[in-house]
Amino acid sequence: MITRRRAGLAATAVATLALTAACGSSGNQSAGTPTTDNVQPAGQGTSDYGYGSSGSGSGSAGGYGGQAGGDNGGKAPQAVSAGTLALHQDTELGPVVTDSKGMTLYRFDKDTADPSKSNCSGSCATTWPVVPSDGASAPAGIDKSKLGSVTRADGTKQLTIGGWPAYRYAKDTKPGDTKGQGVGGTWNALAADGKKAGTQKPGDVSVFDHPQLGSLLVDGQGRTLYRFNKDSAWPMKFGCNDACLDTWKPAKPADRSKLNGIAPKLISTVTRPDGTRQLAVDCWPVYWFTGDKQPGDINGQGKMGLWFAVSKEGKKITTTP
C-alpha cells in the first residue's frame, strides 16, 4: 500500500515537471513575471548572416509570401553589409545580383522604385532581411549609378538597385540559392539594372548590356566572348594555339535555337587544327578569358591590343575601360 502511494506521488511529480517544461518555463523565472517568446529566425547560426532555413511557417506561408508590416514578436536579423556586389549566372534566371558572399538579392513588387520606398517591415523584414547601403559597391558588370539608398521608417538606409530596395531571403542558406524567386508572386531576384532577373532566359549565346562597353556577347555561363586580331575569318586562320590556349579558351559551339539577342545567321562552328570544334561569330573564332570570374567581367578587353569583346552585330568592340 505504501509502495503504491509513493509510486503515485512520483508519477504526479514527473507529470508536473513535463507540463512545466512543455510550457517553456525557465528555471530563472520568478513567480508572477510575464513570459515572452524567445523568437529568433529559424536556423540561426547555420549561415554567416545569423539566419538560415526558416521552416514552413503557418497560415498562407508564414509571411514568406511577401507579407508586409506586422510584428512577429521578434527582431529582424542584424543588417549585414553587402560589400562588393557580384553577378552570379543562374541556369534558369541568367545573371542575378548577389552580395560579396554569393547570397542572392531580391526586390519586392509592393515596394516602389520612383520614388524609392520600402513596404517590407516587421515580420516581413525578418523573413526578408534588409540590405544596408553602407559598404556596398558595384563590380564591373553593374553600373555604379544604379546603386543608391532609401531611408526606411526606422531611419536606417537600405541599398537600392535601379531604385528598388534590396533584400536577402532567410531561406537561402548557401551561395547561389534562389529559393526566394517567385515567392508569393511578389518577390524576384534582382538583375544588374534593378529589373527582375529571368525576364530573358540564358542561351548558348546571349547579349549582356555592359555599363562600359554596351551590348556584348556572352556564352551560356555568362562569360564575355572575345575575338583575337591574329585570327582571321577568311581565309580561316587560328593565331591562338599552344600556350595561348591556357589563358584563352575556345568557346563551345552554340545551338542556333538557343540564342538570345543575336541573329542566328551570325553564329557558326569552325574546326581547329587539332579537331576541336569552336564557336564562331560572323565567321570569327571566339574565346572566353580565364581572368574573367563572373558575368560582366571584361578583364580581357584590349589585352595586348589584340583581344576584344564582340558586339551583338558580331563586330569587335574597341572601347577600352
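User: What makes E15 and E16 count as paired strands?

Analyst: In this predicted model, 5 bridges join E15 to E16, and the two run antiparallel. Pairing needs at least two bridges between the strands, so E15 and E16 qualify. One facing pair is Ile267, which stands opposite Val281 in E16.

User: What does the link between E16 and E17 look like by that same test?

Analyst: Strand E16 covers residues 277-281, and its antiparallel pairing with E17 rests on 2 bridges. At least two are required, so this pair qualifies as well. Across it, Val281 faces Trp284 of E17, and Ala280 is set opposite Pro285 of E17.

User: Which strands of this sheet are at the edges, and what makes them edge strands?

Analyst: The sheet is open, with 3 strands in the order E15-E16-E17 and antiparallel pairing. Strand E15 (267-271) and strand E17 (284-285) each have a single partner strand, so one side of each has no neighbour in the sheet. As for E16, 4 of its 5 residues are buried, so E16 is largely enclosed by the rest of the structure.

User: Which residues in the hairpins here have a positive phi?

Analyst: In the hairpin of E15 and E16, with 5 residues between the strands, Gly275 has a positive phi near 95 degrees. E16 and E17 also form a hairpin, with 2 residues between them, and Asp282 in that turn has a positive phi of about 55 degrees.

User: Asp282 caught my eye. What makes its contact with Lys315 a salt bridge?

Analyst: The closest N and O atoms of Lys315 and Asp282 are 3.3 Å apart. The cut-off is 4 Å, so the pair counts as a salt bridge. Lys315 lies in the segment after strand E19 (307-309) and Asp282 in the loop between E16 and E17, so the bridge ties together parts that are 33 residues apart in sequence.

User: Why are Lys315 and Asp282 called partly exposed?

Analyst: Lys315 has 49% relative accessibility, while Asp282 has 26%. Partly exposed is the range between under 20% and over 50%, so both belong there. Next to Asp282 in sequence, Cys283 is partly exposed too, with a relative accessible area of 43%.

User: How many salt bridges are there, and what are some others?

Analyst: The whole structure has 7. Among them, Arg223 pairs with Asp219, with closest N and O atoms 2.8 Å apart, and Asp177 pairs with Lys179 at 3.9 Å. That 3.9 Å value falls within 4 Å, so the Asp177 and Lys179 pair is counted. Arg107, Asp109 and Lys196 are linked in a salt-bridge network.

User: Are Asp177 and Asp219 buried or exposed, and how do you know?

Analyst: Asp177 has a relative accessible area of 8%, and the value for Asp219 is also 8%. Buried means under 20%, so both are buried. Lys179, the partner of Asp177, is partly exposed at 45%.

User: Why does Asp111 have no salt bridge?

Analyst: The nearest side chain of opposite charge, Arg152, is 6.5 Å away. A salt bridge must be within 4 Å, so Asp111 has none, although Asp111 is buried. The place of Asp111 is the loop between strand E3 (106-108) and strand E4 (112-113). Setting aside residues up to four places away in sequence, Asp111 touches Lys117, Ser118, Asn119, Cys120, Trp164, Pro165 and Tyr167.

User: Cys120 is on that list. What makes its link to Cys124 a disulfide?

Analyst: Their S to S distance is 2.0 Å. The limit is 2.5 Å, so the pair counts as a disulfide. The angle about the S-S bond is -110 degrees and the link is left-handed. Both Cys120 and Cys124 are buried.

User: How many disulfides are there, and why is the one of Cys240 and Cys244 called left-handed?

Analyst: There are 2 disulfides. The sulfur atoms of Cys240 and Cys244 are 1.9 Å apart, and the torsion about their S-S bond is about -105 degrees, so the disulfide is left-handed. Cys240 is buried, with a relative accessible area of 0%. With the bonded cysteines numbered in sequence order, the pairing reads 1-2, 3-4.

Technical notes:
Residues numbered from 1 in each chain as written. Predicted model: local features only at pLDDT ≥ 70, side-chain atom pairs only at ≥ 80, totals over all residues. Heavy atoms only, no water. Buried < 20%, exposed > 50% of the residue type's maximum accessible area, 1.4 Å probe, protein only. Lys, Arg positive; Asp, Glu negative; His and termini not counted. Contact = heavy atoms within 4.5 Å.
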